[in-house]
Amino acid sequence: MEKEINGKIYQIPEHVAIILDGNGRWAKKHFMPRNVGHSQGAKVVEQICEDAWDLGIKYLTVYAFSTENWNRPENEVNALMKLLRKYLIDCIERTSRNNMRVRVIGEKSRLDDDIRNSIDRLEEISSANTGLNFTIALNYGSRDEIVRAIRHVADDCKKDVIETGDITEELFSSYLDTRDLPDPDLMIRTSGEQRLSNWLLWQLAYTEFYFTDVLWPDFNKKELIRAIEYYNTRERRFGGI
């Protein structure tokens with residue numbers, strides 16, 4: 001869709017995926033504990049959801065906790081899980097207020113029971129909402145996602161649900177965590193890092209990448225508009241032609 005922003009007409013990406021990077025560095029910069037940076041980053045996520053919908057973005061997917069994040073110091077992981085518990089509970093109220101639909105992708109089995117229960121409740125309560133489609137990646141790693149999908153395909157082949165000749169890109173995509181979502185049009189990574197870090201490797205095949213030095217807790221609507229402006233400078237091509 002097209003939208004006027006600051007007097008100019010822009011093509012708005014339907015689906016934006018964001019790697020939320022720089023919380024720890026933001027905290028260090030402000031002489032605060034890393035946990036404060038994560039807390040501030042969570043507040044920014046809340047605001048960016050509203051900003052994205054206001055700008056006409058229909059799908060927003062954020063990389064909140066990767067499979068590799070378990071390797072961080074135990075106290076930091078525990079603090080992140082505590083923050084996640086509070087965020088999920090608060091998110092239930094926000095989804096009703098903002099008409100936002102929430103999904104959680106990733107390998108949930110490693111998460112504690114109470115967190116999984118909160119996820120189930122949040123997804124159920126928001127399932128009929130018609131506003132922003134907000135997806136949170138928790139204990140997510142793209143290689144893990146692809147391996148899990150391959151196992152499910154193999155199981156269905158054994159059960160004669162499908163035949164190997166039936167396997168296409170479209171069929172394989174239906175086994176991924178993101179099967180109910182369109183592929184992202186724009187991927188944003190904050191904090192100056194320029195790598196994917198095991199994030200949506202299959203889904204980002206034709207996505208435009210935008211890297212910014214802004215740390216995630218400093219990211220705001222103005223920065224999101226800058227990413228959209230960059231997106232509009234790109235000539236969208238598919239198939240390498």
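**Strand 4, the cores and the salt bridges**

Good morning. I begin with strand 4, residues 59-66, where seven of the eight residues are buried, so the rest of the structure largely encloses this strand. Please bear in mind throughout that the model is predicted.

Which strands pair with strand 4? On one side of the account is strand 3, residues 15-19, which runs parallel to strand 4 and is joined to it by five bridges. Within that pairing, Ala-17 has Thr-61 as its bridge partner. Strand 6, residues 133-140, also runs parallel to strand 4, and seven bridges join the two. Here Val-62 is partnered with Ile-136. As a general point, side chains in a regular strand alternate between the two faces of the sheet.

Let me turn to the nonpolar cores. The largest has 48 residues, and the members that touch the most others are Ile-18, Leu-60, Phe-134 and Ile-188. Helix 3, residues 74-98, is the element that gives the most to this core, contributing eight residues. A separate core of 10 residues lies apart from it, and its members include Ala-17, Ile-19, Met-187 and Leu-200.

Leu-60 merits a closer look. What does Leu-60 contact, once its neighbours within four places in sequence are set aside? Its contacts include His-15, Val-16 and Ile-18, together with Ile-48, Cys-49 and Ala-52. Leu-132, Asn-133, Phe-134 and Thr-135 are also in contact with Leu-60.

Cys-49 leads to the question of disulfides. How many are there? The count is zero. For Cys-91, the closest cysteine sulfur is that of Cys-49, at 7.1 Å, which is too far for a bond; the criterion is a sulfur pair within 2.5 Å. Cys-91 itself is buried, with a relative accessibility of 0%.

I now come to the charged side chains. The count of salt bridges is 19, and I shall present three pairs and one network.

The first pair I shall show is Asp-112 with Arg-85, whose side chains meet in a salt bridge at 2.8 Å, N to O. Asp-112 belongs to the loop between strand 5 (101-105) and helix 4 (113-126), while Arg-85 belongs to helix 3, so this pair ties together parts that are 27 residues apart in sequence. Asp-112 is partly exposed at 43% relative accessibility, and Arg-85 is partly exposed at 26%.

Next is Asp-144 with Arg-148, a salt bridge in which the closest N and O atoms are 2.8 Å apart. These two residues are four apart in helix 5, residues 142-158, and are therefore separated by about one helical turn. Are the partners buried or partly exposed? Asp-144 is partly exposed, at 27% relative accessibility, whereas Arg-148 is buried, at 12%.

The remaining pair is Glu-208 with Arg-234, where the closest N and O atoms are 3.0 Å apart. Because Glu-208 lies in strand 8, residues 208-211, and Arg-234 in the segment after helix 7 (221-231), the salt bridge ties together parts 26 residues apart in sequence. Glu-208 is buried, with a relative accessible area of 10%, and Arg-234 is partly exposed, with 41%.

Finally, there is the network. Which residues are linked by salt bridges in a network? They are Asp-21, Arg-25, Arg-189, Glu-193 and Arg-195.

Thank you for your attention.

Note on methods:
Residues numbered from 1 in each chain as written. Predicted model: local features only at pLDDT ≥ 70, side-chain atom pairs only at ≥ 80, totals over all residues. Heavy atoms only, no water. Buried < 20%, exposed > 50% of the residue type's maximum accessible area, 1.4 Å probe, protein only. Pairing = 2+ DSSP bridges. Core = buried A, V, L, I, M, F, W, Y, C linked by side-chain atoms within 4.5 Å. Contact = heavy atoms within 4.5 Å. Salt bridge = Lys/Arg side-chain N within 4 Å of Asp/Glu carboxyl O.
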